[in-house]
Amino acid sequence: MSTTRREFLVSTGGTAAAAAIGSAILAADAHAADAAAPAEHTLPELPYAYDALEPVISAKIMELHHSKHHAAYVKGLNGAEKALAEAQAKGDYALVDYWSKKAAFNGGGHYLHSMFWTVMAPAGKGGGGEATGKVGELIARDFGSFAQFQAYFSAVAGSVEGSGWGLLHFRPADGKLVVLQAENQQKLTQWGAYPILGIDVWEHAYYLQYENRRPDYVKAWWDVVNWEAVNARLESAMKLA
Ligand code: MN3
């Protein structure tokens, strides 16, 4: 399964539809237990150029964020899974606590960033506007209106303590949309809810451009949200119900 995913990401490259990447990631998650050996995770290419989200997110931020930060999470996840595989092979569990934490942190970073890139698109060219399709329907049902959802989600994302994420999830158990914070990349999850939209509010995601004004970054970010990609992730998540 992991080989299939790697080949998929390589073969589709930068022109892949965001929706397809989302589905592939979801499928890989669902079948991760099938993998007999740890696979090498790879840094997915962005579905657009580094400067494509300007002026909302600068090219410099996008380049550093993708090629340095996300790449480091991929490397960290590969290293942690290799160490855990070796621990199992040797029956030496002295460091499994340490490496399990590394796998959660770096794995959270890899999968959240993989989502983050695909749920954005250039403003006016796939990005921005109100939620469409099924996501739009569920937002109206669960939050009253798009404006109410937007205000609520912005407050949740804006108030993350330290480094983390604001995330919209679909929860298969009851079919509801749930907004939650994540601290770092892996804490505060409900586990039974699948992220379909998220904004990275680590300082590395905005500080070069917005300095300490996180609310301004969150407000501007709505102009690059790719609702078609969010709908594709929702469609995949609904199959888990
Ligand atoms: Mn980040």
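A residue counts as buried when its relative accessible area is under 20%. By that cut-off, 47% of the 241 residues of the protein are buried in this predicted model. His113 is one of the buried residues, because its relative accessibility is 0%. His113 is also a donor to the manganese ion, and the metal site is taken up below.

The protein has nine helices and three strands. From the N terminus, the order of elements is α-α-α-α-α-α-β-β-β-α-α-α. Contacts across the chain were also counted. Among contacts with a separation of 6 or more, 71% link residues 24 or more positions apart.

The manganese ion has donors from four named residues: His65 (NE2), His113 (NE2), Asp200 (OD) and His204 (NE2). The distances run from 1.9 to 2.2 Å. Along the sequence, the donor residues follow the spacing H-x47-H-x86-D-x3-H. His113 belongs to helix H4 (residues 96-118), whereas Asp200 belongs to strand E3 (residues 194-200), so this pair ties together parts that lie 87 residues apart in sequence. Asp200 has a relative accessible area of 0% and is therefore buried. The surroundings of Asp200 fit this picture: seven of the seven residues of E3 are buried.

E3 pairs with strand E1 (residues 164-171). The two strands run antiparallel and are joined by six bridges. Within this pairing, Leu167 stands opposite Gly198 of E3.

The donor His65 also marks a feature of helix H3. H3 spans residues 59-90 and has 32 residues. Its first and last C-alpha atoms are 45 Å apart, close to the 46 Å expected at 1.5 Å a residue. H3 nevertheless has a kink of about 30 degrees, centred on His65. After the helix comes Gly91, with a positive phi near 70 degrees.

The loop that leads from helix H2 (18-30) to H3 contains Pro55. The peptide bond between Glu54 and Pro55 is cis, with omega about 5 degrees. Ser58 lies in the loop between H2 and H3 as well. Ser58 is buried, because its relative accessibility of 16% falls under the 20% cut-off. Outside its sequence neighbours up to four places away, Ser58 touches Tyr50 and Gln209.

Nonpolar side chains tend to be buried together in soluble globular proteins. Here the largest nonpolar core has 52 residues. Phe149, Tyr217, Trp221 and Trp227 touch the most other members of this core. Helix H6 (residues 146-158) supplies the largest share, five residues. Phe149 was examined in more detail. Apart from residues up to four places away in sequence, Phe149 touches Ile139, Phe143, Leu168, Val179, Trp222 and Trp227.

Ile139, a contact of Phe149, has its place in helix H5 (residues 133-143). Ile139 is buried, because its relative accessible area is 1%. Its contacts, leaving aside neighbours within four places in sequence, are Ala131, Gly144, Ser145, Phe146, Phe149, Leu177 and Trp227. Trp227 thus appears in the contacts of Ile139 and in those of Phe149. The C-alpha atoms of Ile139 and Gln150 are 9.6 Å apart, although 11 residues separate the two along the chain.

The loop between strand E2 (176-183) and E3 holds two residues with unusual backbone angles to note. Asn184 lies in this loop. Its phi is near 50 degrees, a positive value in a residue other than glycine. Leu188 has its place in the loop between E2 and E3 too. Phi of Leu188 is near 80 degrees, again positive in a residue other than glycine. Asn184 is partly exposed, because its relative accessible area is 24%. Leu188 is also partly exposed, at 43%. The strand that follows this loop, E3, is mostly covered.

Definitions and conventions: Residues are numbered from 1 along each chain as its sequence is written. Side-chain values use heavy atoms; hydrogens and water are left out. Helices (H or I, at least four residues) and strands (E, at least two) are DSSP runs, numbered from the N terminus. The expected span of a helix is 1.5 Å times one less than its number of residues. The bend at a residue is the angle between axes fitted to the seven residues ending there and the seven starting there. Donors are N, O and S atoms within 2.8 Å of the metal (3.2 Å for Na, K and Ca); water is not among the atoms, so sites may look incomplete. Buried means under 20% relative accessible area, exposed over 50%, partly exposed in between (1.4 Å probe, protein chains only). A nonpolar core is a set of buried Ala, Val, Leu, Ile, Met, Phe, Trp, Tyr and Cys residues joined through side-chain atoms within 4.5 Å. Contact means heavy atoms within 4.5 Å. Two strands pair if DSSP finds at least two bridges between them.
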